[in-house]
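Trainee: Could you walk me through how the packing terms are applied here? I'd like to set each label against its definition.

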Amino acid sequence: MKHVGLYFGSFNPIHVGHLIIANAMLENSDLDEVWFVVSPQNPFKEQKELLADYHRMAMVRRAIDDNYRLKACDVEMHLPIPSYTVVTLAQLGELYPNYRFCLLMGSDNLDHFDRWRNYQYILDNYQIKVYPRPGHLDSPFLQHPNVTLVQCPLMEISSSYIRKQIALGHSVQYLLSDPVWNYLTEMHFYEKK
């Protein structure tokens, strides 16, 4: 049975921090693959700066094209909006009954995990592999038997930082993989109008 880690996000844009974390999860756990689940709308985030789904999916595909253990997943683009993880997990379970799924999340997300829809069901029925985020390592959820802290580099890169830097006319070339950098540059995404 294939063990797949689901890395949810808007990936607006996907950056090297995302890739480093996904790779560290593969290398430091029992995962066979990591799937980047591109979310059309996170119920906890505003949508105003969100690129169209297909552009974000295109950037994810370009970013991971050279790694067969990383996949782009568009399942949430075919589900009702906003996206709820518990619904996505049910859908993936139907589509891939022979796969075992777990969630990948930053320790900062554990701080408000109890606000997620059906969080207790997720906690009781799925493994959650957590990567450390600075200042967010004291959640009581870290004591749950289905929650595991995985050694990953501490990353302070964020998509919002990248968008702000681009709007200011600053280069973010080394925060993005070359294919994503080229795509963003050609499309003039996030530039100040």
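Trainee: How many residues does the largest nonpolar core have, and which have the most contacts inside it?

Mentor: The largest nonpolar core has 38 residues, and those with the most contacts inside it are Y7, I14, M25, V34, F36, M59 and L184. This is a predicted model, where local features need pLDDT of at least 70 and side-chain atom pairs count only at pLDDT 80 or more, while totals for chains, interfaces and linings use all residues. Residues are numbered from 1 along each chain as its sequence is written, and side-chain values use heavy atoms, leaving out hydrogens and water.

Trainee: What makes a set of residues a nonpolar core?

Mentor: Its members are buried Ala, Val, Leu, Ile, Met, Phe, Trp, Tyr and Cys residues joined through side-chain atoms within 4.5 Å. Buried means under 20% relative accessible area, exposed over 50%, and partly exposed in between (1.4 Å probe, protein chains only). Apart from the largest core lies another, of 24 residues, among them W35, V86, F141 and V147.

Trainee: Which residues of α7 are buried?

Mentor: They are V180, Y183 and L184; helices here are DSSP runs (H or I, at least four residues), numbered from the N terminus.

Trainee: Why are they said to line one face of the helix?

Mentor: Seen down the axis of α7, they fall within an arc of 95 degrees, so they line one face. The arc is that of the directions from the helix axis to the C-beta atoms. The face turned away from this buried side carries the exposed residues D178 and E186.

Trainee: What do the buried residues of α7 pack against?

Mentor: They pack against α2 and α6, with contact meaning heavy atoms within 4.5 Å.

Methods:
Helices (H or I, at least four residues) and strands (E, at least two) are DSSP runs, numbered from the N terminus.
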